[in-house]
Amino acid sequence: MNKEILSIKNLKIGYETESGLLIAVNSVNLNVYSGETLAIIGESGSGKSTLALSILRLLPSNAKIISGSIEYSGVDLLSLTDEEMRKIRGNKIAYIPQEPSTALNPSFTVYTFLKDVVYSHRFIEKKELKKYLIDVLKKVRIPNPEKFLNSYPFELSGGMKQRILIAASLLNNPNLLIADEPTSALDVSVQAQILALISSLKKEFNMSIIFITHNLSVAAQIADRIAIMYAGKVLEIGDINEIYENPAHPYTQGLLSSVPRLQRTKRLRSIPGFIPNLTNPPSGCIFHPRCPYIKEKCKKFEPKKYNLSNNHEVYCWLYGE
Amino acid sequence: MLGSIAIYIAKRLITLFFILLVLSIIIFFMIYMLPGDPAVLLAGPEATQAEIQMVRERLGLDKPLLEQYLIFIRKILSGNLGESIITGYPISKLIYERFQNTLKLAVFSLFISSILGIFAGVTAAINRNKFLDQIVMVLSLTGVSMPVFLLAIILIQIFSVWFKIFPATSVGTALEFRHIILPALTLGLIGAAPIARITRTSMIESLSQDYITTAKSFGFHKRIIIYKYALRNALIPVVTVMGLIFGYNLAGAVITETIFAYPGLGRLIVDSIFSRDYPVIQIGLLFITSTFVIVNIIVDILYSLINPKIR
Amino acid sequence: MIEGLLTKKFGSGALYTWRKIKRNRNIKVGFIFLGIFLIISLFPWAFSVYDPYKGDLKESFSPPSFEHPFGTDYLGRDLLSRVLWGARTSLIIAMLGVLLASTLGTLIGTISGYYKGKLDYIIMRVVDVMLAFPDFLLALFIIAVTGPGLWNVILAIAFYNFPQFVRISRGSTLAIREMDYVEAAKALGEKDFSIIFKYILPNSLSPVIVHFTLRLGASILTAAGLSFLGLGVQPPTPDWGLMLNEALTYLSFAPYMWVFPGIFLIMTVIGLNLTGDGLNDVLNPRVRE
C-alpha cells in the first residue's frame, strides 16, 4: 500500500460574489498516493480548478477557504506562513497552468524565466545552470535548446510554451505535479505528444501527478485513479479501470455514455438539466435535480461514502444505507 | 511589421514639419496682430527714425507679406536670430544660455518626479484600497490640483524662511547647485502626481496578469515578482508620461522660473513680454514651442517602438 | 422632486444616472468643496462687511484677529473679503472662458464631425496646431498679443480650451452618426440641422460635461497663474493669483497673506477635479477587470 503524499480533508472553499457566497468546493475528501496519477474529472464549474489552485494557495483574493485541511507530508499547507508556502511552490509541489499563451511574461526570455525558477529555491553556478536547463529542455523534447533559451514568448507556439512550463515545473524535482488542463488549449495532435511526454517524465522523475481535465479519453490515457467532481463535490473516486467498466454514480454513468464513439449510430446522449446555483445549492444530494434514479432520501440527506471495493468509493444513496 | 513602424514614423515627421511650419507662420504674424507699425515695434522704444527705417529695410517690411515671411524663415534657418531691442544682446546667445539652464532644471525635476512618482505608485498598487493607497491617491489629487506658485511659496516658506537651508532666488549671483534645488523640488513634486497615478493604474493591471500568478506559483520571491516581473511591463505607459512631463517642464516652467528668478527660457519670455521686447518674444516662443512639439513627437515614436513588440 | 422632473423630461435613463451621481463618493466630497466656493463667490457680502478695495494703512499687516479673521494685507485691506471677492473673480473668468470655449468648440466639433470632408480636415489641422502648444504657453501667447487685463484673460482661457472641446465633440459625433437611429432619421428625410440637435448633441453631452468640469479647474489655475505673473487680472481687483504674488514679497513676516487664498484656491480646484472624476466614473464607465 503506497503512502499518501497529499491528503485533503473536508475542504470547503467559497467565492465572494455580488449575489452572495458561491460554494465552489463543498467538503471534499481526497487522497493522492505516492507515484500515482490521479485525474480529477469535471465539467466547467465543478470546482476542479479551484481545488487545484487551493493546494498551492494560489486562489484570487475574493476566494475564502472556509474549512478543511490540505496535508502534504503530514503538514497542513493551509497553516503555513507565506514564506514557508513560497518554498514549496515550484519546488516540492509544482503547478502547470492551463493557459500557456498568457502564462509567460512577454518581456523576458525563456532563459531568464527558467533561471528565476531555479534561483528562487537554490543556487547553481551560471555555467552549470545553463547546462542543466538545456538538459531539461531536451527532456521535454524541445529542438535546438540553446537557441530556444534566448527566445521570447511571442516567438513560440502554444505547444512550445506548454513544454517550457512543463520543463519549469520539473526544474526543482518536485514530488507532486499539478497539471491544470494542460492540453485543453492545444490541438489534438500536440495534445497526444504532451500526454506521452508527461507519462514518461513521471516515471523518470518519480513524481505523483494530479491531472485536471474535463476530457474522459485524455484521463484514460494517463491516469491510475480518477475522481469525478460535480458542483463542488466528489461523487466517485477510485481505480480508473474499475470505474470505466463499472461506473457506480448516475452522473458518472451519464458522462461515460455521452462520450461520442466512432461506431455509434444512436443519437448523442447528454445529461438533462443544468449545474445548480452554487450560491444556493440544492439540499441533500447535490445531483438529485438531474438524477434519473432519484429517491425521497436523496432530496433530504447528503449521501455518505460507500466503499464498493478497496479502490472504488462512491457517494450515492443507491449504495449502502 | 518593421514597415508599418517606418510608415508611422514618417507620418509623425510629416505632421511635425507641418506643425512647425504653421507655428512659424503664426509667430511671424504675431507682430501684425499688435496695434502699431511693425517697424516701430521691432525697432524698440528708443529707436530713432533712421534706425526704424533700417529695420524696415532689413526685414523687408514694405515688401509683400509672403516675401517678408520668407526673409524671416531664411534668417532663422541661417542662425541669425536678431538682437534684443532692449539689451542689444544677440538672441541666439541668449537662448543658448537660458535654454541650458531650463534643460538642467527639467532633467533634475524629472528625476525627482520619477523616483517619487514611481515609488508612490508601486506602493499604492501593492496596497490597493488599503490605507497607503488612499494616502497616495489623496496626495496625487492634491498635486494635480495645486498651482505651481502655491507649492513654490510653501517650499520657500519652509526651506528659506523657517529653515534657511535653500535660497529663494539666484538673483545677483552666479548659478550654483543650491539655486536649482527649490525650483526642481517644486516642479518635481508637481510632476510626481501624474506619474504616481499612472504607475498605480499600470501596476494594478500588470499585477492582475496571468504571468504574475505563474511567477507566484513557481515560488518566486515577492520582491522579484513586484519589481522585476510586474514593474517592467507596467513601466511602459509610465515612460510615456515621463516624456510628456519632460517636454512640459522644458516649455512651461515659466511660473517656477519667475518665482525663483531662475535664469531660464520661460522667465526670459515673461520678462520680454513685460518689456515689449518683441524679437525675443517671437524667437523665444518659437523655440520653446518647437522644442515641446519635437519632444512630444519623439515620445510618440518611442512609444510606438516599444509597444508592438509586446502586443 | 428633482427625480420626478428628470423622468418627465428626459426619461428613465436620466433618473438612473441621477441616482448613480448621488451615490458616487467623489462627487459628494467634490460637491462640498464646490458648494463652499459657489456660495462665497455668489454671495461674498454675506460673510464680510469690509470693502475689498479699501484699505486702512493703520491696520496693515495685522495677523488674523477677531475683526479681521484672515488678517490684513500690505495696504490694510481685509483679507477675508479679498479672498471672498477673489472667488467671484475666478468664477467669472473660468465660467465665461470655458463656457465660451465649450459652446463654440462643441458646435464646430459637431459640425466638423458630421459633415466630414475637406472642412473637417482643415478644422482638425488647425486644432492639432493649437493642441501642439503647451497649455500655459498658448494662454501666454494670447496675452502677449492682447496685453493683460480681465477680459483678455477670459479670451485666453477660451482660446486654449477651445481645441479640446472641438476634438471631444467631434469624436462623439463621429461615433453617433453611424448609429442606426441616425440612419433611420436620415432615411425618413429629417433635415441635418434637426438631426444634429435632436440626436447627436444630446448623446455627445456626457464627455463634454466631464471635460467642462475638469477644464474649469485647470482654467482657474491658469488664470491665477497669469495674474500671479502680473499678466492677468490687474490690481486692485481682488484675485487669488494676484494675492499670492503680493504675499510673496512679504513672505517672511506675513504668511497669512498667502495661506488663505492658497487654501481656497486649492480646495476649489480639488472640488472641481473630484467632481469631474466622479462624473467621469458615472457617465463613462469602464469595464473593471
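1. Two pairs of chains are in contact in this predicted model, and of these, chains B and C share the most contacts. Chains A and C, by contrast, do not touch; the distance between their nearest C-alpha atoms is 13 Å.

2. The contact between chains B and C involves 35 residues of chain B and 32 residues of chain C. On chain B, the elements that each supply at least two residues to this side are α1 (2-33), α6 (131-145), α7 (148-162), α10 (222-252), α11 (254-259), α12 (265-274) and α13 (278-310). In composition, the side of chain B that touches chain C has 27 nonpolar residues, seven polar residues and one charged residue.

3. Chain B is assigned two domains: domain 1 covers residues 2-78, and domain 2 covers residues 98-306. Their C-alpha centres are 32 Å apart. Between the two domains of chain B, 14 residues of domain 1 are in contact with 14 residues of domain 2.

4. The side of domain 1 of chain B that touches domain 2 of chain B draws two or more residues from each of α1 and α2 (38-43) of chain B. The largest share, twelve residues, comes from α1(B). By class, this side of domain 1 of chain B has twelve nonpolar residues, one polar residue and one charged residue. Helix α1 of chain B should therefore be read in two settings: α1 (2-33) also supplies at least two residues of the side of chain B that touches chain C.

5. Chain A contains an open sheet of eight strands with mixed pairing. The strand order is β6-β7-β8-β3-β9-β10-β12-β11. At the edges stand β6 (93-96) and β11 (305-309) of chain A; each has a single partner strand, so one side of each is left without a neighbour in the sheet. From one strand to the next, the twist averages 20 degrees.

6. Within the sheet of chain A, β9 and β10 are adjacent in the strand order. Strand β9 (residues 225-230) of chain A pairs with strand β10 (residues 233-239) of chain A in the antiparallel sense, over six bridges. A residue-level example is Met229(A), whose bridge partner in β10(A) is Val234(A). As general background, strands of a sheet pair through backbone hydrogen bonds, in either a parallel or an antiparallel arrangement.

Definitions and conventions
Residues are numbered from 1 along each chain as its sequence is written. Chains are lettered from A and ligands numbered from 1 in the order in which they are written. This is a predicted model: local features need pLDDT of at least 70, side-chain atom pairs count only at pLDDT 80 or more; totals for chains, interfaces and linings use all residues. Two residues are in contact if their C-beta atoms, placed from the backbone, lie within 7 Å. Helices (H or I, at least four residues) and strands (E, at least two) are DSSP runs, numbered from the N terminus. Ala, Val, Leu, Ile, Met, Phe, Trp, Tyr, Cys and Pro count as nonpolar, Asp, Glu, Lys and Arg as charged, and the others, Gly among them, as polar. Two strands pair if DSSP finds at least two bridges between them. Axes are lines fitted to C-alpha atoms, for helices over the stretch in contact, and angles run from 0 to 180 degrees between N-to-C directions. Domain bounds come from an automatic or database domain assignment.
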